[in-house]
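Please open the model in your viewer, with a cartoon for the backbone and sticks ready for side chains. The tour below goes from one selection to the next and says what is to be found at each stop.

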Amino acid sequence: MAWDPKIYLDFEDERTRPAVELLARVPHKSPAHVIDLGCGPGNSTALLARRWPKAKLEGLDSSEAMLDQARRSGTQATWHSGDIPSWSPTLRYDVIFANAALHWLDGQDALLARLMGYLSPGGVLAFQVPANFNEPSHKLMRDVAADGPWAAKLKGVRNIVLGSEQGYYGMLEPRASYLDIWQTTYLQVLDGEDPVLRWVSGTGLRPFVQALEGEEREDFTREYKKRLNAAYPMRKSGKTLFPFQRLFVVARRK
Ligand SMILES: C[S@@+](CC[C@H](N)C(=O)[O-])C[C@H]1O[C@@H](n2cnc3c(N)ncnc32)[C@H](O)[C@@H]1O
């Protein structure tokens, strides 16, 4: 799936805030080796660099467009092009950080077990995943995909299924000496026309529109936009409220 850092960073504050709040809960004073998985344009990596300026910092992402942006960000890190599921480091890390990245991957249980295995003893895995998939923003995407003449083409688009708070606890409990898990709803206040469409265009909508072309893509987007704007009406003030849930996990390896 192709990513566009410019569209993604259209909402940089809103997208980076959960990374700030996740990082604030990471119980590690002076890690030597830190990696940001799914580092994107480097916005989350910059936070890690600021907190631990002496750490050897790495960022890994599968999108060249995102990595280009990260390299230009000025953050001192080693940037790797790579795929998280096949990532197999020889080094052991003190902190593995992944903000808004792991939900793209299947088999969360096995993935988390592997990532915990890449930590040094006492090392910390910290990740945040959006948990908005049953809200209108994402449900309508799937409804429109199933409703129109494009249904057969969109059938294969992956339906994201995540763990719950207790589910993640259960997955990590055997390997963790400490777990901190919470879920938050951000009442996001967005400006301008079609703000929710612009928001999802930077992330979750991409696999749907990339599976379509030309008029079909336009028709799909028009129908989805109509339903979105009914679900998230613009207020008289011109603001649109877009509640967004996110789930956070911090796990320290035994
Ligand atoms: C929503 S962005 C998050 C960017 C940044 N971490 C942040 O906090 O805003 C998700 C990133 O995960 C990357 N990603 C998705 N699947 C991946 C995979 N299998 N391997 C590596 N990176 C992946 C995407 O390329 C994208 O840059």
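Begin with the strands of this predicted model, where seven of them form an open sheet with mixed pairing in the order β3-β2-β1-β4-β5-β7-β6. If you colour β3 (78-81) and β6 (176-190), you have the edge strands, each of which pairs on one side only. Looking across the sheet, you will find a twist that averages 15° from one strand to the next.

Next, select β1 and β2, which pair in the parallel sense over five bridges. Within this pair, H33 has K56 of β2 as its bridge partner. While β2 is still highlighted, switch on its side chains: the strand is mostly covered, with five of its six residues buried.

Move on to β4 and β5, which run parallel and are joined by six bridges. Here Y93 is the residue that stands opposite L119 in β5. Strand β5 itself (residues 119-130) is mostly covered, since nine of its 12 residues are buried.

Now add helix α3 (residues 43-51) to the selection, and ask which of its residues are buried. They are N43, S44, T45, A46, L47 and L48. Around these buried residues, show α2 (12-23), β1 (33-37), β2 (56-61), α4 (64-72) and β4 (93-99), for these are the elements against which they pack.

From here, bring up the ligand and the 22 residues around it, of which G38, G40, S44, S63 and N99 come nearest. S44 has thus appeared at two stops, as one of the buried residues of α3 and as one of the residues that come nearest to the ligand. The elements that give two or more residues to this shell are α2 and α3, and α2 gives the most, with three residues. If you colour the shell by residue class, it divides into 10 nonpolar, nine polar and three charged residues.

Stay with the end of β4 for a moment and step into the loop between β4 and α5, where A100 lies. Its backbone deserves a look, as phi of A100 is near 60°, a positive value in a residue other than glycine. Is A100 buried or exposed? A100 counts as buried because it has 22 C-beta neighbours inside 10 Å, where 20 or more are required.

A second residue of this kind is D194, which you will find in the loop between β6 and α9 (195-201). Phi of D194 is near 45°, again a positive value in a residue other than glycine. D194, however, counts as partly exposed, because it has 16 C-beta neighbours inside 10 Å.

Continue to helix α8 (residues 165-172), which lies across β6 and β7 (240-253) and runs at about 155° to β6. To link this helix with another part of the chain, draw a C-alpha to C-alpha distance from L172 to A113: these residues are 59 residues apart in sequence and 7.3 Å apart in space. A113 belongs to helix α5 (residues 108-117), and is partly exposed, with 14 other C-beta atoms within 10 Å.

For a helix pair, select α6 (residues 136-147) and α11 (residues 214-231), whose axes come within 10 Å and cross at roughly 145°. The crossing of α6 and α11 is right-handed. To see the contact, show P136, L140, M141 and V144 of α6 together with F220, E223, Y224, R227, L228 and A231 of α11. These residues divide into eight nonpolar, no polar and two charged. In reading such a list, it helps to recall that an α-helix has 3.6 residues a turn, so residues three or four places apart point the same way.

The last stop is W87, in the loop between β3 and β4. Leaving aside residues up to four places away in sequence, W87 touches L60 and G82. W87 is partly exposed, with 15 other C-beta atoms within 10 Å. As a final distance to draw, take W87 and C39, which are 48 residues apart in sequence and, C-alpha to C-alpha, 14 Å apart in space.

Terms used
Residues numbered from 1 in each chain as written. Predicted model: local features only at pLDDT ≥ 70, side-chain atom pairs only at ≥ 80, totals over all residues. Helix = DSSP H or I, 4+ residues; strand = E, 2+ residues; numbered from the N terminus. Contact = placed C-beta atoms within 7 Å. Axes fitted to C-alpha atoms, helices over the stretch in contact; angles between N-to-C directions. Left-handed = near helix turned anticlockwise from the far one by under 90°. Nonpolar A, V, L, I, M, F, W, Y, C, P; charged D, E, K, R; others polar. Near = placed C-beta within 6 Å. Pairing = 2+ DSSP bridges.
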